[in-house]
Amino acid sequence: MKVVLQNLTKVFPGRGRRAKKAVTAVGDFSYEIPDGKLIGLLGPSGCGKSTTLHLISGLQKPTSGRIFFGEEDVTDLPPEKRGIGLVFQNYALYPHLTVEQNILFPLQNFKGKDKLPKARMLEKAEEASRLVQIEDLMDRRPGELSGGQQQRVAIARALVKMPKVLLLDEPLSNLDARLRLQTREEIRRIQRETGITTIFVTHDQEEAMSISDQIVVMKEGNVQQTGKPQEVYDDPVNLFVARFLGTPPINVFVGHVQGSRLYIGADAVLGVAGVPDGEVYVGVRPEGFVPCKDGSLTCDLKGVEVMGRDTSLVLANEVSLNPVVRAIIGGDEPVDEKVQTVRFELKSGKVFLFDRETEKRLYFEGSRP
Ligand code: ADP
Ligand code: MG
């Protein structure tokens with residue numbers, strides 16, 4: 001089932017003495033989520049991710065704009081009529097019910113002609129439990145489960161109705177690092193197996209990048225950029241998106257362009273035909289540095305971290321906005337840890353220029369992937 005958001009807007013009125021200003025939690029959000037895909041909705045805390053999910057689920061009403069599931073306008077339908085499955089960060093399971101009873105719960109709410117016979121309900125609960133691999137835990141209560149297992153129960157409970165759309169709001173935040181990794185793979189597998197259109201909300205760019213077919217990057221209620229994770233990483237439209245994606249983060253320098261040459265400090269580092277003279281921000285991905293004995297960019301070497309396949313150089317540069325500059329180079333490149341400075345050439349496809357005022361991307365010949 002495709003989901004279409006049309007100029008979706010949610011404004012919360014200011015309330016109380018200290019909050020007179022209204023907050024636009026979601027501003028003019030238009031997007032078509034293709035049928036059967038997993039979309040990662042990504043952005044820092046407070047950017048409007050949860051509000052967007054609440055609007056799609058029907059828990060909140062938009063101030064303006066429409067929502068379609070397939071061709072049907074669902075904007076005025078209550079949540080229970082929309083055929084959605086919801087999983088929140090604080091998966092509230094019923095503590096006094098067993099796992100099986102928790103999963104059965106949504107089915108028991110079916111009324112009238114939708115009501116299922118008991119045996120069919122048990123069958124569906126069994127199917128959902130197998131999907132998330134908790135079929136052996138059906139007789140336990142939530143208190144007797146680990147965090148990861150509880151989250152699986154919550155997912156099974158959202159899946160048992162075979163929803164048309166699955167909405168997941170930071171579902172992995174309460175899990176430790178290893179479980180988080182494992183559970184996100186699970187979610188991806190389940191999504192592929194069931195083909196349910198899924199919206200996965202997270203503030204963790206790595207999480208979103210690793211499992212999404214498409215990502216939507218938000219900032220302060222506004223969509224910044226949408227696309228395949230790799231495309232957005234390789235071709236960010238503004239400084240915010242460039243900085244939000246990637247670990248280690250992109251290195252940002254203040255620089256300027258003069259006569260189609262890019263300067264970082266006094267170093268002329270790259271030809272940038274097509275960019276007018278002026279002040280810019282220069283973003284360089286960590287993998288964009290090539291050590292080179294007469295390279296044009298000079299940085300002070302602060303440390304060398306060997307991490308298996310790659311070597312990470314920790315560097316300093318006077319005009320860097322980040323506290324340290326990080327360059328990732330192949331593990332087989334010899335680096336003398338005792339040198340004071342390292343010189344680099346930059347890979348033009350890994351260098352992004354941004355207007356100093358608007359922070360929008362400035363394109364030069366060779367800057368597009
Ligand atoms: P996120 O999930 O990305 O962290 P939210 O959607 O929860 O962000 O919130 C977006 C903005 O809307 C925030 O500024 C938040 O304070 C505000 N907000 C969210 N819910 C309400 C509400 N019920 N009343 C007033 N403001 C709200
Ligand atoms: Mg939230």
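**Close-up views of a predicted model**

**View 1. P291 and F344 are bridge partners, F344 belonging to strand β19.** The model shown here and in the views below is predicted. Strand β15, residues 289-291, pairs with β19 in the antiparallel sense. Three bridges hold that pairing. Strand β16 covers residues 297-307 and also runs antiparallel to β19. Here the bridges number four. One position to find is T298, which stands opposite R343 of β19.

**View 2. Strand β19 has a covered face and an uncovered face.** The strand spans residues 341-346. Which residues make up its covered face? They are V342, F344 and L346. T341, R343 and E345 make up the uncovered face. In a regular strand, side chains alternate between the two faces of the sheet. The bridge partners from View 1 can be placed on this pattern. F344, the partner of P291, is on the covered face. R343, opposite T298, is on the uncovered one.

**View 3. Four strands form an open, antiparallel sheet.** The order across the sheet is β2-β1-β4-β5. Strands of a sheet pair through backbone hydrogen bonds, either parallel or antiparallel. Which strands stand at the edges? They are β2, residues 23-33, and β5, residues 72-73. Each has a single partner strand, so one side of each is left without a neighbour in the sheet. At the β5 end, the partner is β4, residues 64-69. Two bridges join β4 and β5, which run antiparallel. In one of these pairings, F69 has E72 of β5 as its bridge partner.

**View 4. The largest nonpolar core holds 32 residues.** Seven of them touch the most other members: V99, I103, V132, I134, V153, L159 and F200. Several elements each supply at least two residues of this core. They are the helices α2 (99-108), α3 (118-131), α4 (147-159) and α5 (177-194), together with strand β7 (165-169). Which element gives the largest share? It is α4, with six residues.

**View 5. L159 touches residues from several places along the chain.** Residues up to four places away in sequence are not counted here. The contacts of L159 are then L131, V132, L166, I190 and I196. V132 and L159 are both among the core residues that touch the most other members. Elsewhere, a second and separate core holds 28 residues. Its members include L262, V304, A327 and L362.

**View 6. The chain is assigned two domains.** Domain 1 covers residues 3-239, and domain 2 covers 248-362. Their C-alpha centres lie 39 Å apart. How many residues of each are in contact with the other? Domain 1 brings seven, and domain 2 brings 10. Together the two domains bury about 780 Å². Of that area, 53% is on carbon and sulfur atoms.

**View 7. Y233, P236 and L239 stand out on the domain 1 side of the contact.** These three supply 71% of the area that domain 1 buries against domain 2. That is more than any other three residues supply. One salt bridge is counted between the domains. D235 forms a salt bridge with R361. The closest N and O atoms of that pair are 2.9 Å apart.

**View 8. A cis peptide bond joins T247 and P248.** Omega is about -15° at this bond. P248 lies in a loop. On one side of that loop is α8, residues 239-244, and on the other is β11, residues 251-258. In the domain assignment, P248 begins domain 2.

**View 9. E220 and S260 have positive phi.** Neither is a glycine. For E220, phi is about 45°; for S260, phi is about 65°. E220 lies in the loop between β9 (214-219) and β10 (222-227). With a relative accessible area of 62%, E220 is exposed. S260 lies in the loop between β11 and β12, the latter spanning residues 261-264. S260 is partly exposed, with a relative accessible area of 31%.

**View 10. P117 sits in the loop between α2 and α3.** Is P117 buried or exposed? Its relative accessibility is 53%, so P117 counts as exposed. Where does M209 lie with respect to P117? The two are 92 residues apart in sequence. In space, they are 42 Å apart, C-alpha to C-alpha.

Definitions and conventions
Residues are numbered from 1 along each chain as its sequence is written. Chains are lettered from A and ligands numbered from 1 in the order in which they are written. This is a predicted model: local features need pLDDT of at least 70, side-chain atom pairs count only at pLDDT 80 or more; totals for chains, interfaces and linings use all residues. Side-chain values use heavy atoms; hydrogens and water are left out. Buried means under 20% relative accessible area, exposed over 50%, partly exposed in between (1.4 Å probe, protein chains only). Two strands pair if DSSP finds at least two bridges between them. A nonpolar core is a set of buried Ala, Val, Leu, Ile, Met, Phe, Trp, Tyr and Cys residues joined through side-chain atoms within 4.5 Å. Contact means heavy atoms within 4.5 Å. Domain bounds come from an automatic or database domain assignment. Buried area is the accessible area (1.4 Å probe) that two parts lose on being put together, summed over both. A salt bridge is a side-chain nitrogen of Lys or Arg within 4 Å of a carboxyl oxygen of Asp or Glu.
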